[in-house]
Amino acid sequence: MATDTPKVVIPPKSVKQEYPVIDTDPHFFRVIRYARPSDYLVGIGTVAAAPAAILALERLSPSNVTPSSFRGIMRLSIGVGLVAGFIRFYMRPSLRFWGWSENSREVEMDMNEMVGKVKRGEPLYGESSLSPYLQGVAARNSRYSQTFLHVMPWFNFVNHDQHGVDTSKYYKAAEAELEQERLKKGGF
């Protein structure tokens, strides 16, 4: 006896923010695409900080370890720096998606991307092979998960339609753009 499970949509918790919310559960690759050059610089600086700190401490207070042991320490510090740098890099655009930091550039990019998808007739947040129930589970598990990215890295790799924003604004903007294009072509 097979029954269809109803689509369960649990809205995201309302969080007070100063800037407009773009997405409460952005896809991993979307966060990477929306990163600013300053995010890359912060990430690179964080990557370089760990080995630089080890080198500085070695100069200030030599540990007198063998060169092969010191190479192992440096490899470990580079690994720690890479992980910490990526976490800092990924966190900055995530904060802008949630409206927790200034995001005017991302709001404009989001509007252009989504309006383009509406005009092409594509789903706003991509196709998914998962059932609506599992999409909801994935959304609930990864929404705001970046707040504890440093404790347990958890990213959204699932396309779903539960992003905590009113998508009607994209359809209205697409209609307005299509109407403007029609008027420019001389249509009535």
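Here are some exercises with worked solutions on the structure above, which is a predicted model.

**Exercise 1. The overall build**

Task: Find out how many helices and strands the protein has, and compare its radius of gyration with that of a compact globule.

Solution:
- Step 1. Begin with the secondary structure: there are six helices and zero strands. Reading from the N terminus, the order is α-α-α-α-α-α.
- Step 2. Turn to the radius of gyration. For a compact globule of 188 residues the value would be near 16 Å, but this protein has 22 Å.
- Step 3. Look at the box filled by the C-alpha atoms. Along the principal axes, the box is roughly 80 × 55 × 30 Å.
- Step 4. Finish with burial: 33% of the 188 residues count as buried.

**Exercise 2. One side of a helix**

Task: Work out where the buried residues of α5 sit around the axis.

Solution:
- Step 1. Pick out the buried residues of α5, which are Q135, G136, A138, A139 and S142.
- Step 2. Check their directions. These residues span an arc of only 160° around the axis, so they are on the same side of α5.
- Step 3. Recall a rule about helices: an α-helix has 3.6 residues a turn, so residues three or four places apart point the same way.
- Step 4. Move just past the helix. α5 is followed by Y144, which has a positive phi near 60°.

**Exercise 3. Two residues with positive phi**

Task: Decide for N64 whether the residue is buried or exposed, and do the same for Y144.

Solution:
- Step 1. Place N64 in the chain: N64 belongs to the loop between α2 (37-60) and α3. Its phi is positive, about 60°, although N64 is not a glycine.
- Step 2. Use the cut-off of over 50% for exposed residues. With a relative accessible area of 72%, N64 is exposed.
- Step 3. Place Y144, which sits in the loop between α5 and α6. Y144 is not a glycine either, and its phi is positive at about 60°.
- Step 4. Use the cut-off of under 20% for buried residues. Y144 has a relative accessible area of 16%, so Y144 is buried.

**Exercise 4. Following the aromatic rings**

Task: Describe how F28 pairs with F86, and then how F86 pairs with F89.

Solution:
- Step 1. Start with the total, which is 16 aromatic pairs.
- Step 2. Take F28 and F86. Their ring centres are 6.2 Å apart and the planes stand at 35°, so this pair is tilted.
- Step 3. Locate the two partners. F28 is in helix α1 (residues 28-33) and F86 is in helix α3 (residues 67-97), so the pair ties together parts 58 residues apart in sequence.
- Step 4. Check their accessibility. F28 is buried at 12% relative accessible area, whereas F86 is partly exposed at 30%.
- Step 5. Go on to F86 and F89. Here the ring centres lie 6.1 Å apart with the planes at 45°, so this pair is tilted. The two residues are three apart in helix α3, so about one helical turn separates them. F89 is buried, with a relative accessible area of 8%.
- Step 6. Widen the view: F28, F29, Y40, F86, F89, Y90, F155 and F157 make up one aromatic cluster.

**Exercise 5. Pairs of opposite charge**

Task: Find which parts of the chain are tied together by the salt bridges E113 with R30, and R96 with D39.

Solution:
- Step 1. Remember the background: side chains of opposite charge can pair when their charged atoms come close. This structure holds 15 salt bridges.
- Step 2. Take E113 and R30, whose side chains form a salt bridge with an N to O distance of 3.5 Å. E113 is in helix α4 (residues 104-120) and R30 is in helix α1, so the pair ties together parts 83 residues apart in sequence.
- Step 3. Check burial for this pair. E113 is buried at 18% relative accessible area, and R30 counts as buried at 4%.
- Step 4. Take R96 and D39, whose closest N and O atoms are 2.2 Å apart in their salt bridge. R96 belongs to helix α3 and D39 to helix α2, so parts 57 residues apart in sequence are tied together.
- Step 5. Check burial again. R96 counts as buried at 5% relative accessibility, and D39 counts as buried at 0%.
- Step 6. See the wider network: salt bridges link R36, D39, R92, R96, E102, R105 and E106.

Definitions and conventions
Residues numbered from 1 in each chain as written. Predicted model: local features only at pLDDT ≥ 70, side-chain atom pairs only at ≥ 80, totals over all residues. Heavy atoms only, no water. Buried < 20%, exposed > 50% of the residue type's maximum accessible area, 1.4 Å probe, protein only. Helix = DSSP H or I, 4+ residues; strand = E, 2+ residues; numbered from the N terminus. Arc of directions from axis to C-beta. Phe/Tyr/Trp six-rings, centres within 6.5 Å; stacked < 30°, edge-to-face > 60°. Rg over C-alpha atoms; globule rule 2.2 N^0.38 Å. Salt bridge = Lys/Arg side-chain N within 4 Å of Asp/Glu carboxyl O.
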